[in-house]
Each structure stands twice: as structure tokens, then as C-alpha cells.
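Biologist: Could you take me on a close look at the empty spaces in this model, and then at what lies around them? I work at the bench, so plain words are welcome.

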Amino acid sequence: MNITEHNAKEILKKEGVAVPRGVVIDRPEQIVKAIHQVPGLHAVLKAQIHGGHRKKSGAILISNKSRAQADAKRLLGMNVKGEKIRELLVEQKLDIEKEHYLAITLDGSSEEIVIMYSPWGGVDIEEVAAWDPRKITNVRFTIPPADGKRENKYAGNEIKKVNLAQLKKELKENKIPIEISNLCATLMELLYKHDALLIEINPLAETKRGFVAADAKMIIDDNALYRQPALEPFADENLSPLEAKARKDHVQYVDLDGDIAVIGNGAGLVMATLDMIDAFGGKAANFLDVGGSGAALEAQKALSIVLSKPNVHGLFINIFGGITHCDKIAEGLIAYRHKHKLKIPMVVRMIGTREKEAKALLKKNGVQVFAEMEAAAKQIVTLVHRQKGREKRK
Amino acid sequence: MGIFINKKTRSIVQGITGKHGSFHTRLMRAYGTNIVAGVTPGKEGRDVDTVSVYNTVKAALRNHKAEWSVIFVPAPFAKSAAFEALEAGLNIVIITENIPILDSLQIMWKAKQLKRVVIGPNCPGITSVDECKLGIMPNHIFTRGDVGVVSRSGTLTYEIVHQITRRGLGQTTVVGIGGDPIGGVDFVDVLERFEQDAATKRIVLIGEIGGDFEVRAADYIKEHVTKPVVAYIAGQTAPPGKRMGHAGAIIMGDRETAKAKTDALAEAGVPVAKLPSEVAKLLQKGY
């Protein structure tokens, strides 16, 4: 889950990290009051969207206070690379002497926690990294985090102490300034506390009064949200309405731009199904993984999600039963068909756990079941092409 | 003899009284796996498919000998279940999905300290064909043969294994390493074992978008693997930045695309199938 800038700053502020003074608004008229609350002749207007390069795409403006209302009016509602600007953070303009870069993240390939620091921060950090990687110091940790006072007896305060001591030592060896080193310790604690996968401060502004987090980005581990109730109000992803509904139903769903609705089990198999449809000349309308539980009710929910999309011309169900039982999916499909009429061609492929029961049930209801994925994928693409041809002739 | 496990392997099941735990205990036993005991806190004294249930791993091991544990425990409790097994000296297969990454990191750290093997999390487990199955792979898809299979996926592994079987070929060991960004044994660990395993004559590697695991596998193959390898990468048509189910299957950088992985593998001399159904065909052609 992405945490919006102003919420991330709120979290940082609670931990004692300096952030610019600012107010969030969602209507242009609120700007009048907002600019009074930030010091100086200028205000920075920052679109609260998740995409990067906001300055370059015009989603961050330094606005003369006399022009701020017009600027706010223009920004709110504007579309930036598919994201609609719904909120603006109105912030004081900092007197920045130098821009630094600081981030903490998990490196999946080395299974370490990595702190990245560069005294050359700002908008072009990627270019700095590509041009001269030595300008970024990476401090890596092989010792994983403690988990505070969570649900089990392995809450290792002991690990935490070792960790912090090691962190300070390594930062010192890497000649990272002491103020930055203190910030690193705070970020590491935050990473544990909130199950963050990334906390990035770019730029970390050096001012006469010390370091200030001029921007903040935070990504939280979706799998850990159950133990992060405090972050629940921050849940604000840029999801399509169907993606949001799927999330509520605990279904892994992604919108795609084709016209063949796909339901499968297991991310790898579903991705391979999309690849196969593509290879045979079709286009998938979505990615949907019914997941391991795959109960009949989940199958019905999955069907109502993929079939509610307009312009879907076919339905392809591809189940390889392992932990998922084929007969449960079949039951869901039959129940769905009892309630709704299916006007588009459908191809079902099922194999694996409780395949016999599923086939018997589907046969009784007049549904043919394919055993092989390739033949089934070819069949749905052919049927959809034929259906579209027929529609055109009408 | 399979890699990691064989017909002498003895295992316990943690979370044995749950829906998946009990169902798959039956199937593992039907495959011939020696499940010696089960663990579910508070359920001591019961049995599942004649397997005795204990409150703790320690209690189970007081009465039975085992080398492995298969973990079906729900995500919020999976870390403590894993710690319990590791500290009792067991290797573990973690079937559980949606484990927080920081928990996984700690499990891997603990395992490294105690020099134990972890397979998973979010994985289908491991099957040494006709010897032992730890996990949830369907029993009927395997035939004894000379192909070693290693995969990040679950159901896609069954798909490809099933097709290898259907074409009259067979497998030695099939390892599902799991789809999470943080996991136990990786492609390289498994490739190393297959390279040493006399029964394995060739290897199938099944990858997907996200992470750079396949690129590192390609580097390793170039230097250390003499046996033929055939690969498939899922997600060739996936749009970047979209999370395709697995926590791992999201493209963040160039190294994580299907193309980068395919190129790296091709450069290491590994033919990469365009479709999952082509893997078995490539093997049949003599790769």
C-alpha cells in the first residue's frame, strides 16, 4: 500500500523528523485559509498522487501567494498520467542549502535491509545513480528486524539492540554524517513498526535549521496490514472501481484492456494463461486469481467481477486444482449461471484435485470441460473472434 | 534418490487440524509420505488420518523422530510456528501465503543461523517422485523420470509437470520455491542440487516476472551447470507496475521483465519456451 506524502510526513513528524509546515486541501476555496498557515511570500502546492516526477509533470508548483488560488483551482481535478489530483498539500517554501537523498528498503535478492544515502539528492537521483553509483552509499544489513511486542514470544528486544548498535557502527564506517545517522535509526525503527517496504526522503533538505524531510514516500507491506490498524485510514490506492471491489472481496484482480475475461488459480498459471491467449491472437480483459481457498462463493464473486466489465466477449476459466478444489469452482459457476444468463461464449478447463466431481457436475449442466490448457485457450480465442464477427454483421 | 527429501524422510505437519492441513496430510500419506505426527496448539490427543496431534513441536518430537515439518499455519502465526520447528532442528516447507515480509526475513535469518533448509513460503512444496511428497502438489501428475523441475509458481508447475508426464517423460524431484520476494531455497540452491544428483539428467526452470531470481539463475547456469536446462517465464504480456497476485510478480525495474530474464537465460544457453506447453515439447526434442 502506498502512503500519500502528507500522511507519510505525519508519520515522520510523530517520530521527531522535521517536516515543512503544511495544510491539506481538497477544494480550491480552502487555499485562502491554508496560505495564512504557512510562513513566507510563497507556498508550495503539491498534488497528493503516487506517481513520481511530480515537478516535471507540473504536479508541484511554487506559487506566489497572490496567485495561489488560481493555481490550486487549476491543479485540483487535473489528471497526471492517469491519476486524478484530489488533494493538494499546501506547504511552506523551504530555504534549502543542499538537497540530500535518504531511503531505507528491503532488498529481496540479498534478503537484507538497505539504507541508501546520497549527498546529491533531488529530482534526478536515478540519473545520479546511473551516472555514478559511487555517489550513493549503501549500508546493508544481514540482521533482520525485531518485531517489537507483536503476537508471539519471539519479540526480540535483544535483536533490536544489536541491530541499532550495528547500524550506528556501519554508518560511522561509511562516513555518514551524525545527523543523517540519527535519521537512519528513526527510519529503521519506522520500517519495523509499520511493516514498511520502502521509506524514501527525497529531497532531504539541508537548511540553516537542520535537515527537513521536504518529500516523503512510504510503501507498506499489504500482507502486514492486519497488524497495522493505525494505517487503515491511509488506504488510498489508485484502483479502478472493479479493482477496489475485488480487493474488498479478497480476490486478486487486475484490469487489462482486452475482451476475454479470465479466471484461474495461482498467479503463475493465470499469467501463463494471459500469455497463451495473447499468443493465439486474443486479448485478456483482466488478471484474476481465485487463490487457494477457491470456495464456491469466491468463484461466484470472481465471476461477477470479471463479467461486470463492459465489452467482454468471452469467458475463460482455467483451473489446475491443487489446494483449490475443481468441484467448488464448478459449483460456483453453476450457481452463478442459475442467477445470471451468460450471453458470451465460455470455455472451461479443469484438471487436478476433485476434477472428476467437477466434470460430472458441469456435464450434468451442459458444460463441456477441456483437459488441456492449450486447446482450451485456442478454443476461447476462436469463439470470441466468431462472436465478434457475428456482432459486426448485425 | 531425490534432492532434499527421499523415501526415508520423516515429517510432521504444523497446523494439521486445519482445513488444508488435514486434507493434505491425507494426500501426502496417500502418496507414501511418512507423516509421523501433527501439531496444533490446544488440540493434543486428537488424531488426523490416524496421525497423532500434539500441542507443540517439542512434544511431537519427544514421541516421534522427524527431519522435516510442513507448515499450514495461518500467516499471522506462521513465523512462530516456523521458529518452533527450526529451533527443534527441523527443516521446513512453508505452504502458508501472505506472510508479512519482515516475518519471512526473520524466518530466513533464523534458518541460516541454525543451518536448516526452508522451502517457501507461499509455495506448493517439494515432491521426490515415488518417494516422498511434502506439500500440496496433486499426487497423480508425476511419473518417475530424469527431469528435475524448479519453479516459483504453484499451479503453473503442476501444469508443466503434467505435460511432461503426458508426453511420456518423467521427473526426479519437483521443487516449488514459492512466489514471495523473500524465500528460502532459491533457483541457484536447487540447480546446484540437481547438478549433483545422478538421477537428474536435465532441468526445467519455471520463472515469472518480478525480482531478479531468474537473471541470477542464468549467471549460475553459465558457470556451474553442465546439464541441459529448459525454461519458461510467465507474465510476458503483463503490463509493468501492476501487481499480478504474487507479491513477487510485479515489475519494478528492467532486470525484472520477462524479456530481461529470457535474454539472460538465452545467453546462458537455455532455450526459453514461449508457451508453457512448449516446455515438454522442447524436452521431447532432446534438450
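**A look at the empty spaces**

Modeller: Happy to! A search of the whole structure, which is a predicted model, turns up 1 cavity of 30 Å³ or more. Rolling a probe the size of a water molecule over the atoms shows where empty space is left. The volume of the largest cavity is about 30 Å³. Its lining is made up of Ile49(A), Gly51(A), Gly52(A), Arg54(A), Val80(A), Lys81(A) and Glu83(A). Sorted by class, that lining has 3 charged residues, along with 2 nonpolar and 2 polar ones.

Next comes an open space, the second largest pocket, which holds about 440 Å³. There are 22 residues in its lining, and the closest to the pocket centre are Glu111(A), Gly183(B), Gly184(B), Val185(B) and Asp189(B). Two elements of chain B, helix H4 (101–114) and helix H7 (213–224), are the ones that give two or more residues to this lining. H4(B) gives the most, with 3 residues. By class, the lining of the second largest pocket has 8 charged and 8 nonpolar residues, plus 6 polar ones.

Since the cavity lining is drawn from chain A, let me describe that chain as a whole. Chain A has 394 residues, and 57% of them count as buried. Its secondary structure comes to 12 helices and 19 strands. Taken along the principal axes, the C-alpha atoms of chain A fill a box of roughly 75 × 55 × 40 Å. Looking at contacts in chain A with a separation of 6 or more, 67% are between residues 24 or more positions apart. As for the outside, the accessible surface of chain A is about 18,500 Å², and carbon and sulfur atoms account for 52% of that.

Chain B, which supplies H4(B) and H7(B) to the pocket lining, also has a sheet you can trace on your screen. This is an open sheet of 7 strands with mixed pairing, and the order is S3-S4-S2-S1-S5-S6-S7. Strand S3 (47–48) and strand S7 (118–119) of chain B are at the edges; each has a single partner strand, so one side of each is left without a neighbour in the sheet. Further in, strand S1 (residues 10–14) and strand S5 (residues 68–71) of chain B pair in the parallel sense, over 4 bridges. To find that pairing by eye, start at Ile12(B), whose bridge partner in S5(B) is Ser69(B).

Conventions
Residues numbered from 1 in each chain as written. Chains lettered and ligands numbered in written order. Predicted model: local features only at pLDDT ≥ 70, side-chain atom pairs only at ≥ 80, totals over all residues. Heavy atoms only, no water. 1 Å grid on protein atoms, 1.4 Å probe; cavity = no way out; pocket = protein on both sides within 12 Å on 5 of 7 lines; lining within 4 Å. Points joined across faces, edges and corners; volume = space filled by probe spheres on them. Nonpolar A, V, L, I, M, F, W, Y, C, P; charged D, E, K, R; others polar. Buried < 20%, exposed > 50% of the residue type's maximum accessible area, 1.4 Å probe, protein only. Contact = heavy atoms within 4.5 Å. Areas by Shrake-Rupley, 256 points an atom, 1.4 Å probe, with all protein chains shown as cover. Pairing = 2+ DSSP bridges.
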